[in-house]
Amino acid sequence: ARPMTDVAPFAFVHLRDARVAMVDMAKAVFVLEAQPLQGGDGTSKAASGLPLVLLLPDGRWHSSGLPKLTVDVCDPSKAAAWASHLQEACSAPAEDSTQAC
């Protein structure tokens, strides 16, 4: 099979581990960050990063943690809807966060 070097990989983020950190409607941009981790004593601490899984064209996958993920919405008229849906999904209880947006 011919390698697909010019194809961008698909990726996904576990939304239950994310929060919408910033929304800029004028630029149609929003930023996702990792949720702070809750300790057993009720305190929170910084997470190691936002879990991102890349699905590579050859069938492999690669997982890494990002400090933040900045998303530019291609259609500015849909930026508000994207931000709203993501805010709902990120704040949903764990059993509801598996729903597709």
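1. Disulfides. The count in this predicted model comes to zero disulfides. A disulfide would need a pair of cysteine sulfur atoms within 2.5 Å. Two cysteines deserve a look for their surroundings. Cys 74 is exposed, at 81% relative accessible area. Cys 90 is buried, at 7%. The cut-offs behind these words are under 20% for buried and over 50% for exposed.

2. Overall make-up. The protein chain holds one helix and eight strands. Read from the N terminus, the order is β-β-β-β-β-β-β-β-α. The helix therefore follows the strands. The chain has 101 residues, and 21% of them count as buried. Cys 90 belongs to the buried class.

3. The three-stranded sheet. One open sheet has the strand order β1-β6-β7, with antiparallel pairing. Its edges are β1 (10-13) and β7 (61-66). Each edge strand has a single partner, so one side of each is left without a neighbour in the sheet. From one strand to the next, the twist averages 25 degrees.

4. Pairing of β1 with β6. Strand β6 covers residues 50-55, and it pairs with β1 over four bridges. The sense is antiparallel. For a landmark, take Phe 12: its bridge partner in β6 is Val 53.

5. Pairing of β6 with β7. These two strands are joined by six bridges and run antiparallel. Here the landmark is Leu 52, whose bridge partner in β7 is Ser 64. The two strands also form a hairpin, with five residues between them. Gly 59 sits in that turn and has a positive phi of about 95 degrees.

6. The β2-β3 hairpin. Strand β2 (residues 18-24) pairs with strand β3 (residues 29-34) over six bridges, again in the antiparallel sense. Ala 18 has Ala 34 as its bridge partner in β3. Four residues lie between the strands of this hairpin.

7. Ala 28. Please check this residue by eye. Ala 28 lies in the loop between β2 and β3. Its phi is near 55 degrees, a positive value in a residue other than glycine. Is Ala 28 buried or exposed? At 4% relative accessibility, Ala 28 counts as buried. The turn of the β6-β7 hairpin also has a positive phi, but there the residue is Gly 59.

8. A nonpolar surface patch. Which residues make it? They are Phe 10, Phe 12, Leu 55 and Trp 61, and the patch comes to about 490 Å². Phe 12 is placed in strand β1. At 36% relative accessibility, Phe 12 counts as partly exposed. That value passes the over 30% needed for a patch residue, so Phe 12 can contribute to the patch. Phe 12 thus appears twice in this note: in the patch, and as the bridge partner of Val 53.

9. Ser 48 and Leu 66. Ser 48 is found in the loop between β5 (44-45) and β6. It is exposed, with a relative accessible area of 79%. Its C-alpha atom is separated from that of Leu 66 by 8.2 Å, although the two residues are 18 apart along the chain. Leu 66 falls within the range of β7 (61-66), one of the edge strands.

10. Points to inspect. In the sheet, go to the Phe 12 and Val 53 bridge, then to the Leu 52 and Ser 64 bridge. In the turns, compare Ala 28 with Gly 59. For the cysteines, view exposed Cys 74 and buried Cys 90.

Key: Residues numbered from 1 in each chain as written. Predicted model: local features only at pLDDT ≥ 70, side-chain atom pairs only at ≥ 80, totals over all residues. Heavy atoms only, no water. Pairing = 2+ DSSP bridges. Axes fitted to C-alpha atoms, helices over the stretch in contact; angles between N-to-C directions. Buried < 20%, exposed > 50% of the residue type's maximum accessible area, 1.4 Å probe, protein only. Patch = residues over 30% accessible without salt bridge, like charges linked within 9 Å, V, L, I, M, F, W, Y side chains within 5 Å. Areas by Shrake-Rupley, 256 points an atom, 1.4 Å probe, with all protein chains shown as cover. Salt bridge = Lys/Arg side-chain N within 4 Å of Asp/Glu carboxyl O.
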